[in-house]
Amino acid sequence: MMLEGKVVVAQGGGPTAVINQSLVGVVLESRKFNQITKVYGAINGVSGIINEDFLDLTQETTHNLEQVAITPSSALFSTREKPDEAYCKEIFHVFKAHDVRYFFYIGGNDSADTVRIVNQQAEQSDYEFRAIHIPKTIDNDLMMNDHTPGYGSAAKFVAQSFIGLNLDNRALPGVHIGVVMGRNAGFLTAASAIAQKYPDDGPHLVYLPERPFIMENFLHDVNEIYQKYGRCLIAVSEGIQDENGIPIVTKLINQEVDAHGNMQLSGTGALGDLLTQQIKNKLNIQRVRSDTLGYLQRSFMGCVSDVDQHEAREVGEKAAQFAIWHNVDGSIAINRTGDYSVDYKMAPLLEVAAKTKLMPDKFINERGNNVTEAFRHYLNPLLGSNMPTASMLRAPLAGKILRR
């Protein structure tokens with residue numbers, strides 16, 4: 001049975017470079033079906049639903065939708081609100097009033113949980129309704145997915161940033177730390193390893209939240225690399241934790257907490273400053289610098305992965321097809337097939353909602369300070385075409401006359 005009524009699509013959580021591909025995929029695919037009376041876009045995510053702030057995307061031109069699709073960040077704007085049962089009841093009340101029969105929410109694991117609760121409300125009310133979660137996160141931490149839309153482009157930005165940092169560090173040697181987003185999962189920080197082309201290229205060290213961060217071990221690693229190469233480039237996740245699971249950065253300052261109960265880790269250079277001071281004080285290395293990539297990673301326009309764009313569009317299209325053609329609920333999941341191709345399946349919401357996927361052990365080296373070749377093999381296809389590389393001079397040294 002195909003349901004007749006309206007579609008509502010919304011975007012939640014942090015924006016990405018390709019999230020609008022998924023939005024446009026939903027809109028254009030939904031507009032093909034005669035039983036869809038309107039396609040609404042909720043402004044500011046779930047808060048827009050509560051306030052009935054809808055754009056009628058049925059009246060948006062296809063040309064402009066395609067222009068929006070290649071524009072980073074959330075075209076409908078976003079929200080950090082985490083709806084509870086009462087909040088979701090209000091969402092469902094609005095949906096019933098507007099005769100909404102299909103709800104598509106583009107977001108991470110918390111967004112999947114919102115879809116799950118709203119879907120339960122509909123079931124309990126015997127209201128014919130289909131809710132689909134569409135995956136999105138640069139953290140790449142959604143269960144049931146080989147990878148998530150948004151990650152490939154953010155990973156490409158991180159890899160290219162570290163190519164530049166490595167060139168800078170080679171020209172003016174010292175220790176340089178790059179702090180990358182990643183609260184619990186280190187996939188994005190691990191992407192820095194793609195910058196390595198020559199044997200002595202950085203990042204020489206990569207630290208992820210999946211392994212305890214021990215300051216003494218860190219200083220030993222840095223000193224070892226510095227003695228070997230006369231320089232050291234380091235990639236570190238903002239969410240690195242000590243042996244007790246306490247984020248290192250929280251030992252420095254009182255952190256703000258968002259609506260999800262998460263401490264703010266991005267938007268501050270505190271972690272880089274801490275590690276810089278430790279190296280200067282304990283290793284007596286004077287040229288030590290740090291950069292925090294911050295929010296640039298999420299919506300940078302200059303290095304979007306074409307593979308990421310295509311898959312982000314397809315998860316939106318497949319969401320509409322699953323809901324409208326097949327009359328099912330769930331979360332769209334990307335599965336890797338062959339080398340390299342993907343297909344899309346419907347995963348149960350309970351398997352995705354409020355859960356976090358971590359880097360598997362095979363992607364992290366034994367010392368916990370770098371990644372493996374298995375990870376590089378995993379990531380390379382996701383970066384898409386036209387991934388740049390850096391080259392260095394190979395000419396031999398000329399003979400000296402005065403200073404032999």
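How many nonpolar, polar and charged residues does the lining of the second largest pocket have? In this predicted model, the lining of that pocket divides by class into 5 nonpolar, 4 polar and 3 charged residues. The second largest pocket has a volume of about 180 Å³, and the residues that line it are Y207, R211, P212, F213, I214, N217, F218, H220, D221, R367, G368 and N369. Helix α8, which covers residues 215–229, gives the most to this lining, with 4 residues.

Two of the lining residues, Y207 and F213, also lead into the aromatic pairs, of which the structure holds 16. The ring centres of Y207 and F213 lie 5.5 Å apart and their planes stand at 80 degrees, so this pair is edge-to-face, since an angle over 60 degrees places a pair in that class. Y207 has a relative accessibility of 6% and therefore counts as buried, and F213, at 4% relative accessibility, counts as buried as well.

A further aromatic pair, that of F363 and Y378, is tilted, with 5.1 Å from centre to centre and 40 degrees between the planes. Because F363 lies in the loop between β11 (341–347) and α12 (373–379), while Y378 belongs to helix α12, the pair ties together parts that are 15 residues apart in sequence. Both F363 and Y378 are buried. Elsewhere, the residues F92, F95, F103, Y105, Y127 and F129 form one aromatic cluster, and a ring can also be met by a charge, as with F322, over whose ring the charged end of K318 sits at 5.4 Å from the centre.

From the rings we can turn to the nonpolar interior. The largest nonpolar core has 35 residues, and those with the most contacts inside it are Y151, L188, M359, F375 and L379. The elements that give two or more residues to this core are α6 (151–171), α7 (187–190), β8 (232–237) and α12, and the largest share, 9 residues, comes from α6. Helix α12 thus appears in two parts of this account, because it holds Y378 of the tilted pair and is also among the elements that give two or more residues to the core.

The backbone, too, has places that deserve a careful look. A cis peptide bond, with omega of about 5 degrees, joins G202 and P203, and P203 lies in the loop between α7 and β7 (205–207). The peptide bond from D339 to Y340 is likewise cis, with omega near 15 degrees, and Y340 is located in the loop between β10 (330–337) and β11.

Two asparagines have a positive phi without being glycine. For N284, phi is about 55 degrees, and this residue is found in the loop between α9 (270–283) and β9 (288–292). For N386, phi is near 60 degrees, and this residue is found in the segment after α12. Are N284 and N386 buried or exposed? N284 has a relative accessible area of 60% and is therefore exposed, and N386, with a relative accessible area of 72%, is exposed too.

Definitions and conventions:
Residues numbered from 1 in each chain as written. Predicted model: local features only at pLDDT ≥ 70, side-chain atom pairs only at ≥ 80, totals over all residues. Heavy atoms only, no water. Phe/Tyr/Trp six-rings, centres within 6.5 Å; stacked < 30°, edge-to-face > 60°. Buried < 20%, exposed > 50% of the residue type's maximum accessible area, 1.4 Å probe, protein only. Lys NZ or Arg CZ within 6 Å of the ring centre and 35° of its normal. 1 Å grid on protein atoms, 1.4 Å probe; cavity = no way out; pocket = protein on both sides within 12 Å on 5 of 7 lines; lining within 4 Å. Points joined across faces, edges and corners; volume = space filled by probe spheres on them. Nonpolar A, V, L, I, M, F, W, Y, C, P; charged D, E, K, R; others polar. Core = buried A, V, L, I, M, F, W, Y, C linked by side-chain atoms within 4.5 Å.
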